[in-house]
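Visitor: Please take a close look at the nonpolar side chains, beginning at the surface and then moving inward.

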Amino acid sequence: KWIRKSCKSLNCSFTLKKCYPHDNREKRPYIFVSLWGDRQAVKQVLKRWRTSRVDVDSRGQPCLERMMNVIGEKDLMRDV
């Protein structure tokens, strides 16, 4: 929900993919999120993601996202 609202407010798009290690659904999935849109808008979504309380800890308390890693950044070309 949070990522959907943030992307919509900044006119960005996203894709979310869950991948289970070795197709074992008993283990925690890796979650991949791709963002695209205006460079500044994407950077703003990432900044909000790091500074907003979007996760919960083991006690159920809201906390900052600490496990997020950016694995790539690239400009995409548009066909006109």
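Guide: Y30, F32 and I71 make a nonpolar surface patch of about 380 Å² (Val, Leu, Ile, Met, Phe, Trp or Tyr side chains joined within 5 Å, each residue with over 30% relative accessible area and no salt bridge, that is, no Lys or Arg side-chain nitrogen within 4 Å of an Asp or Glu carboxyl oxygen; areas by the Shrake-Rupley method with a 1.4 Å probe). The model is predicted, with local features needing pLDDT of at least 70 and side-chain atom pairs 80 or more, while totals for chains, interfaces and linings use all residues. Residues are numbered from 1 along each chain, and side-chain values use heavy atoms, without hydrogens or water.

Within the patch, Y30 belongs to strand β2, residues 30–36 (strands are DSSP E runs of at least two residues, helices H or I runs of at least four). Its relative accessible area of 53% makes Y30 exposed (over 50%; buried is under 20%, partly exposed in between).

Turning inward, the largest nonpolar core comprises nine residues, among them I3, C7, V42, W49 and M68 (buried Ala, Val, Leu, Ile, Met, Phe, Trp, Tyr and Cys joined through side-chain atoms within 4.5 Å). Helices α1 and α2 each give two or more residues to this core, and α2 gives the most, with four. V42 touches C12, L35, W36 and G37, leaving aside residues up to four places away in sequence (heavy atoms within 4.5 Å).

The whole structure holds one aromatic pair (ring centres within 6.5 Å). The centres of W2 and W49 are 6.4 Å apart and their planes stand at 40°, so the pair is tilted (stacked is under 30 degrees, edge-to-face over 60, tilted the rest). Because W2 lies in α1 (residues 2–9) and W49 in α2 (residues 39–51), the pair ties together parts 47 residues apart in sequence. W2 is partly exposed at 27% relative accessibility, whereas W49 is buried at 15%.

Key. Rings of Phe, Tyr and Trp (its six-membered ring) pair if their centres lie within 6.5 Å; planes under 30 degrees apart count as stacked, over 60 as edge-to-face and the rest as tilted. Buried means under 20% relative accessible area, exposed over 50%, partly exposed in between (1.4 Å probe, protein chains only). Patches are made of residues with over 30% relative accessible area and no salt bridge: like charges are joined within 9 Å, nonpolar side chains (Val, Leu, Ile, Met, Phe, Trp, Tyr) within 5 Å.
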